[in-house]
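Colleague: I would like to go through this structure with you slowly, asking at each step how a label is earned. Please set each value beside its cut-off before you conclude.

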Amino acid sequence: MNRFISASLVLLCLTACSGEELKKDYTRALPPGAPALIPLRPGEPRPDVRPEWAAKASILPALDHSLEFLNKPSAPRYFPMAGISHEKTLASVVRFRELLETSPDEEAFARAIDKEFQVYKSAGWDGTGGGVLFTGYCTPILDGSLERTDVYKYPLYALPPDLVKDKEGETQGQQTATGLQPYPDRRTIESSGMLDGQGLELAWLRNPLDAYIAHVNGSAVIRLPDRSLYRLGYAGKNGHEYSSLRAALVKAGELKEAAANLTTIRAWAAEHPDEVPEYLARNESFVFFTPIDGNPRGCLNVEVSANRSIATDKSLFPRGALVFVDTKLHYGGGRSPKSFNRFMFDQDRGGAIRTAGRADLYLGIGQGAERLAGTTQEEGQLYYYFLKK
């Protein structure tokens with residue numbers, strides 16, 4: 001999907017530490033040459049993987065999507081990554097599948113994992129495994145139309161023909177008569193009408209915030225007036241850096257930081273419709289879409305799976321790899337978060353997920369997933385599993 005950031009619209013979180021300790025800056029880059037993955041030392045606690053043996057029915061479809069990518073002829077070019085080869089990544093996912101299917105019970109499964117797999121943890125925000133900030137993203141269901149109307153007048157666009165990408169899908173700029181130049185930012189795109197008259201409008205939404213939420217998540221399901229569903233996935237972006245609407249509203253005093261989430265942002269937008277365009281324009285990034293069937297696809301060009309796909313910085317971590325997430329989520333909008341401990345697969349990336357201290361959880365499609373993603377901002381630990389041999 002290559003989204004900007006999670007649906008919680010969070011770019012950074014700073015938590016003060018006591019004394020002379022470093023502040024927890026989850027956007028801090030690793031020092032040059034520092035490892036992104038740190039092997040657990042002998043005796044260091046490992047995640048309790050036993051409950052996941054009974055969850056094989058939800059794990060296997062996501063696992064097979066990683067295998068779909070890892071078995072492509074093009075996959076080896078993305079390795080080695082973090083010192084891990086393509087062969088080891090593929091063999092680890094294959095062996096994990098075998099253990100899920102053949103272990104007679106959860107105890108045997110856990111023993112085999114412990115015996116055969118080396119566990120690594122993300123270097124995290126401090127480069128020493130100090131922790132990862134997890135946020136969430138989803139595929140929202142948004143009311144819209146295939147035609148512009150008095151109700152639906154905010155478009156989602158297809159990829160324009162003058163946007164140039166490299167073979168990895170990264171935006172290089174705008175092709176002009178005089179050569180390549182940076183693609184215009186959000187404010188320019190929306191104020192100039194530069195995309196009008198090209199037949200690029202894929203769908204029209206009720207308000208600018210709905211369109212923005214589709215951009216943030218990199219996919220959307222559009223509920224049309226006849227109640228049919230039209231699915232859109234990520235096609236590309238303008239190449240500009242993302243900046244957080246949430247952070248902008250908190251900084252301006254429009255929302256209190258502790259209560260700032262997607263629900264309160266929607267409420268603020270409903271009360272201040274005239275101010276919304278200016279705040280949205282401060283985020284220079286702009287996403288383009290394409291019609292899809294099935295679930296959205298991540299940066300591996302395989303479908304992402306609810307609660308089983310994760311987005312990380314692909315310049316640091318191996319694509320398609322088996323991971324274990326240890327964090328908490330606010331199910332049902334509750335104030336007290338509940339544990340979220342499970343195997344997932346590294347299948348996506350986000351424009352703001354650019355350090356070892358950040359990761360984004362794909363939480364599914366629809367209102368429930370949107371509410372959950374909009375309140376997900378929790379520290380935790382991210383583990384990677386690779387065969388010892």
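Colleague: To begin, in which helix does leucine 90 lie?

Modeller: Keeping in mind that this is a predicted model, leucine 90 belongs to helix α2, which covers residues 86-102.

Colleague: Which residues is leucine 90 in contact with, once its neighbours within four places in sequence are left aside?

Modeller: With those neighbours set aside, leucine 90 is in contact with Leu67, Leu70 and Asn71, and the word contact is used because heavy atoms lie within 4.5 Å. As for aspartate 348, 258 residues from leucine 90 along the chain, the two C-alpha atoms are separated by 17 Å.

Colleague: Why does alanine 177 count as exposed?

Modeller: The relative accessibility of alanine 177 is 90%, and exposed means over 50%, so alanine 177 counts as exposed. Alanine 177 sits in the loop that runs between β9 (171-176) and β10 (179-181), and its C-alpha atom is separated by 55 Å from that of phenylalanine 117, 60 residues apart along the chain.

Colleague: Threonine 376 also lies in a loop, between α9 (367-374) and β19 (377-387); what makes threonine 376 buried or exposed?

Modeller: Its relative accessible area is 1%, and because buried means under 20%, threonine 376 is called buried. A polar atom of the threonine 376 side chain lies 2.7 Å from the backbone oxygen of leucine 372, and this can be set against the limit of 3.5 Å for a polar contact.

Colleague: How many disulfides does the structure hold, and why is there no bond between the sulfurs of cysteine 299 and cysteine 138?

Modeller: The structure holds 0 disulfides. Cysteine 138 is in none, and the nearest cysteine sulfur, that of cysteine 299, is 18 Å away. A disulfide is a covalent bond between the sulfur atoms of two cysteines, and the cut-off asks for sulfur atoms within 2.5 Å, so the 18 Å from cysteine 299 to its closest cysteine sulfur is too far for a bond. Cysteine 138 also counts as buried, because its relative accessibility is 0%.

Colleague: What makes the pairing of arginine 50 and aspartate 48 a salt bridge?

Modeller: Side chains of opposite charge can pair when their charged atoms come close. The rule requires nitrogen and carboxyl oxygen within 4 Å, and the N to O distance for arginine 50 and aspartate 48 is 2.9 Å, so their side chains meet in a salt bridge. Arginine 50, at 31%, and aspartate 48, at 42%, each count as partly exposed, because that label covers values between 20% and 50%. By this rule the count comes to 22 salt bridges.

Colleague: Why are glutamate 98 and arginine 95 separated by about one helical turn?

Modeller: They are 3 residues apart in helix α2, which means a separation of about one turn. Their closest N and O atoms are 3.0 Å apart, and they form a salt bridge. Glutamate 98 is partly exposed at 37%, and arginine 95 is partly exposed at 24%.

Colleague: How do you know whether arginine 186 is buried or exposed?

Modeller: At 2% relative accessibility, against the limit of under 20%, arginine 186 counts as buried, whereas glutamate 190, with a relative accessible area of 47%, is partly exposed. These two residues form a salt bridge, with closest N and O atoms 3.5 Å apart, and both lie in helix α4 (residues 186-192), 4 residues apart. Elsewhere, salt bridges that share partners join Arg41, Glu44 and Lys121 into one network.

Technical notes:
Residues are numbered from 1 along each chain as its sequence is written. This is a predicted model: local features need pLDDT of at least 70, side-chain atom pairs count only at pLDDT 80 or more; totals for chains, interfaces and linings use all residues. Side-chain values use heavy atoms; hydrogens and water are left out. Helices (H or I, at least four residues) and strands (E, at least two) are DSSP runs, numbered from the N terminus. Buried means under 20% relative accessible area, exposed over 50%, partly exposed in between (1.4 Å probe, protein chains only). A polar contact is a pair of N or O atoms within 3.5 Å; within protein, one must be able to donate a hydrogen and the other to accept it, and residues adjacent in sequence count only if both atoms are side-chain atoms.
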